[in-house]
4 protein chains.
Amino acid sequence: MAGNTYGRKFTLTTFGESHGPAIGGVIDGCPPNIQLDFDAIQYELNRRKPGQSAIVTQRKEPDEVQFLSGIFEGKTTGAPIGFIVPNTNQKSDDYSHIKDVYRPSHADYTYDVKYGIRDYRGGGRSSARETISRVVGGAIARQVLPQVTINAFTSSVGDIFIDKPYQDLDFSLIESNAVRCPDAATAAKMEDYIKEIRKQGDTVGGTVTCVIKNVPAGLGEPVFDKLHAELGKAMLSINAVKGFEYGSGFCGAKMKGSEHNDAFNADGSTKTNLSGGIQGGISNGMDIYFRVAFKPVATIMQTQETINNAGEIVEMQGRGRHDPCVVPRAVPIVEAMAALVLADFFLIK
Amino acid sequence: MAGNTYGRKFTLTTFGESHGPAIGGVIDGCPPNIQLDFDAIQYELNRRKPGQSAIVTQRKEPDEVQFLSGIFEGKTTGAPIGFIVPNTNQKSDDYSHIKDVYRPSHADYTYDVKYGIRDYRGGGRSSARETISRVVGGAIARQVLPQVTINAFTSSVGDIFIDKPYQDLDFSLIESNAVRCPDAATAAKMEDYIKEIRKQGDTVGGTVTCVIKNVPAGLGEPVFDKLHAELGKAMLSINAVKGFEYGSGFCGAKMKGSEHNDAFNADGSTKTNLSGGIQGGISNGMDIYFRVAFKPVATIMQTQETINNAGEIVEMQGRGRHDPCVVPRAVPIVEAMAALVLADFFLIK
Amino acid sequence: MAGNTYGRKFTLTTFGESHGPAIGGVIDGCPPNIQLDFDAIQYELNRRKPGQSAIVTQRKEPDEVQFLSGIFEGKTTGAPIGFIVPNTNQKSDDYSHIKDVYRPSHADYTYDVKYGIRDYRGGGRSSARETISRVVGGAIARQVLPQVTINAFTSSVGDIFIDKPYQDLDFSLIESNAVRCPDAATAAKMEDYIKEIRKQGDTVGGTVTCVIKNVPAGLGEPVFDKLHAELGKAMLSINAVKGFEYGSGFCGAKMKGSEHNDAFNADGSTKTNLSGGIQGGISNGMDIYFRVAFKPVATIMQTQETINNAGEIVEMQGRGRHDPCVVPRAVPIVEAMAALVLADFFLIK
Amino acid sequence: MAGNTYGRKFTLTTFGESHGPAIGGVIDGCPPNIQLDFDAIQYELNRRKPGQSAIVTQRKEPDEVQFLSGIFEGKTTGAPIGFIVPNTNQKSDDYSHIKDVYRPSHADYTYDVKYGIRDYRGGGRSSARETISRVVGGAIARQVLPQVTINAFTSSVGDIFIDKPYQDLDFSLIESNAVRCPDAATAAKMEDYIKEIRKQGDTVGGTVTCVIKNVPAGLGEPVFDKLHAELGKAMLSINAVKGFEYGSGFCGAKMKGSEHNDAFNADGSTKTNLSGGIQGGISNGMDIYFRVAFKPVATIMQTQETINNAGEIVEMQGRGRHDPCVVPRAVPIVEAMAALVLADFFLIK
């Protein structure tokens, strides 16, 4: 109930701050006898880690996971899986300038109001480094559901959008560029734009689209724990997310019922899929797809006026090593959260 | 865990189908010694009930709530509050034609796949009548937080939008028209459009915007139970919802950090509020506002091709008494869910 | 979290006070497609109800359950099962004398301290009438696990004990006497003693033993949610319970390992069963048995000195209609809670 | 829900096996701004650790805790507190003889049935080493409630009992002997008896009594989460526990109401305290006291017949380093669990 656990049957509890000794977590409820693919877990961490390309933060961290329990001779035992990822490249000095200062649109102010104490180094608990544990949890969740494929990708950066339906994209190209956009021409524009934004000392937002195939029909627990409601919560719990829509989403709100209804085929599949693979909160076996909006990173390399904890107006300049656009590194996090949601519902069912 | 309870400390458990004896629920965790305003509770039920205007379903139900426990001499006692709302206008015959038929874009098919049995009368558990219990729960939740004001309104129907920021609207006008749109000119257009849609035997989607004022700073439980993540889940759990965005939302994904950051005033308030009153998952004391997308109601009065549970293609015509646009009656439900989320976080804090 | 829900997957939420309109509850997570035996449910309620014999309270209540949801054509649908049992024989006047008075060893004082308000009529929420909802929940839980047999019985009243191991008892005789003791000679002594106690205007405690057969091996969730730990919690949550022991129990604490260890047979069963059917918190397929201690009912028909809510010493005489010994009517409640625990673990597994 | 988390608001999640790299846990929901006393935490670990005296297992482990998160400049921050205790004295070879063998009255068989895989080294997850994490959690929980004092002690070993009420004992003597019995004469007898049992290659059970003073009135959440029900569950979740009683306990079941009722003093305190500080599931401000029964350790140094996982009868001799009586080292574990229960209820209230 204290906010650091996701899930009911397949649960991930995370801990750790940006500048403490380690980030880590505990996965409880993982079924026994799964032969874990450790390379696949590390692969996901590598997709998330800083320093991986020219358009992300240049902070260098190996981000290697150490498992402490719940695994015997390479297989899960049904016992809780504890793990840690050491923090190795902490530069706390980078943050001394914000010790008493509230960065605009960061969590500094609200953490201080709520807790009355704050580990200011690197954002502390509100650091995006916390998502490391989610990626580990998600990588294991995927191994609980090997038949399900989850592909997220960058669908927009600023005003630059992919203007094709996802069915026309080749997901095998997602990792072919630093932006994680499967449309090469759009990816190039996005990459150029992010470099331009970085030069301005600015940041930019974007969206991630996620497509999930081969989900068995029947997942979801109405009326409150509808499958899309949990997907929405999971996505909205990722740092910097401002919106979530699935299937027809906000566009669906403009449509008529006669246009929006998905007609059935005789086998129970549907001719169209504006429902986004979920009806009445329960998966129907069609592709699940949704879109997640990320705001621009709040830390910019420009001078901003702000306040300190004495209520004085002060001037601050962005420092540290930050992403000009969070979206490319958010792609594996979106996938991880989707995997956690699905594994949980699958095991509850 | 079985999906029919919302909340952790202030919990609402709902039960009931459209055509059973009653809809009802249990509120647990309500603080003791609250002098309940029963008229205020019934007022919210009246806002939700069918037959209230020319643009909603003409089904007639008094929807009067009976409290069974947890209240002594008009005050809450801290014991669970059980309540029921009898179903009085059930016309099960209206539904015999769909006994074996899956209505397109309804929950019929997925309920059958998941549960292997289905109360087909009026949609059974997937009926929007279930939201009666949410409205009762929300009306009590509001009385836990009397200083907070929650105003939702219809912000779009089909392509017809209010083209003003919410700050320019007079919320006292929300109830002045059947659409629950505080902008009179837009409301008139929406109402005409809904009547036109009804004549076509069709339905149309729309959006509800909700603005919450006077929320104390400090609500929200990072990292998974962020305030906006729970708001998102709560809204997405309402029938027909396809999307949720708060603050700058999907528009924020197009912006630069230098445009998006909310500069502080000396008192900790902010000059702008693209954050939507929440930073790092915790309320900051500014207005919380969000937008919810509703798809068009799936039941249309036109002939549709569909399948039955033997996998045969059949033709069906919409029957029964349905809303051409769900949004006007969804307004109090959005408010109720917002109240439930806030009361829960307030009591956890 | 607010205390009125038991279970994680098969959950029972209860509401209702002794003197309100009704007692009731919601069962969530019941598997679909169970053809309910309604007579079996009412049978359990009849075992619990007042007025059933000369040695229990003479309050008269039909205690008939009305189901409101979750059942379609006699079968469970997977939707939550709401139910109520109206209170019909309320004599609130019986309680006006305790309006401001704290009865010794009752919950009056602690409810007032905790909630600052109290429905004093009949004990309000702390009334044993609340267990009606448990009996309904348990009677349905038993139908989830039809192969499991649960037999509880009165094993002691005051100093009168059955001096045989449970294996030597014929459980078909439990209902053959008003005390619910399967040993006829001991039952007669107990009944006489209870009548004697009643004449004295006094009450007496006792123990209930419960034996559960045919539990599948593998139920229980170490390390905190061990099967016996949940059984213990469930039993201790029943009014008036002061202790719980399973298998060898407190006697086991006096033994040596060489005496206590249960040697295996080749099929995994054990030659002895001091473990009580549970090892490491997980059922092993052997009989589960445990014993529950009930204190004497606090309401006696003798004059007692006590205090009122102004802190004044006052004299009070017991009034109302109460049980001289709670144990005979507690037997079906112990069985109900055992069934709830087992159904929950069975569905989680 | 998967069994490795205790608590609702102040939660402890544990992980780790006896022979993995480390035991550890996560505490979530700890209030911020508590200046932690790290020596007090290590002191509790030292009370639990092996090798501390001549009557416990001679396994040597430093059992030093490393905190990884949630603490900043010595104070809690409100973020989850992750910690590990490395395993340093693993002798896996000691266990190769039980790889395929089910030790009588151990969890070997049930873990294999439930999970289909088992880390046999040192009992894996069912090892009492898991309680290290509970002791860390409990030591922090105590610092949430500094006014409350929790004293557990060995009240019996085999047939040797302290024959005084706890009020006549001097708790400052608990640590003055290896048995943790505050009555010197009884302690000496217990110690002699344990040494004798060890020589026999046998083990013996015992009981721990726990007395909690200065608990604020009002803790506990009826009807299912009564304070004593949670205390019972917490104690029963400790390895080897077979029974729990509080206040008058099983003796209370033999008493009359006129003897058992606790008369009030004018200030709301009671003249006697057979209720054990809890009425109606809620603390009343009086001392809370309870007794916990521990069975004899199943691992004995004598030859036993048992079966292997092929269902063959085999002979096995106890090996490894085990406790002849678990009770002296269980004392700090009982206190830790009590502290976890109280901190959780205190923060929920």
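The following exchange concerns aromatic rings and nearby charges in a predicted model.

Me: What should be known about the numbering and the values?
Reply: Residues are numbered from 1 along each chain as its sequence is written, while chains are lettered from A and ligands numbered from 1 in the order in which they are written. In this predicted model local features need pLDDT of at least 70, side-chain atom pairs count only at pLDDT 80 or more, and totals for chains, interfaces and linings use all residues; side-chain values use heavy atoms, without hydrogens and water.

Me: How many aromatic pairs are found over all chains?
Reply: The search of the whole structure gives 46.

Me: Why is the pair of A:Phe244 and A:Phe290 called tilted?
Reply: Rings of Phe, Tyr and Trp (its six-membered ring) pair if their centres lie within 6.5 Å; planes under 30 degrees apart count as stacked, over 60 as edge-to-face and the rest as tilted. Here the centres are 5.4 Å apart and the planes at 40°, so the pair is tilted.

Me: Why does A:Phe244 count as buried?
Reply: Buried means under 20% relative accessible area, exposed over 50%, partly exposed in between (1.4 Å probe, protein chains only). A:Phe244 has 0% relative accessibility and therefore counts as buried; A:Phe290, at 2%, is also buried.

Me: What makes the pair of C:Tyr102 and D:Phe264 tilted?
Reply: Their ring centres are 6.3 Å apart and their planes at 50°, so this pair is tilted. The pair crosses between chains, from strand β8 (residues 101–102) of chain C to the loop between α7 (257–260) and β13 (278–279) of chain D. Helices (H or I, at least four residues) and strands (E, at least two) are DSSP runs, numbered from the N terminus.
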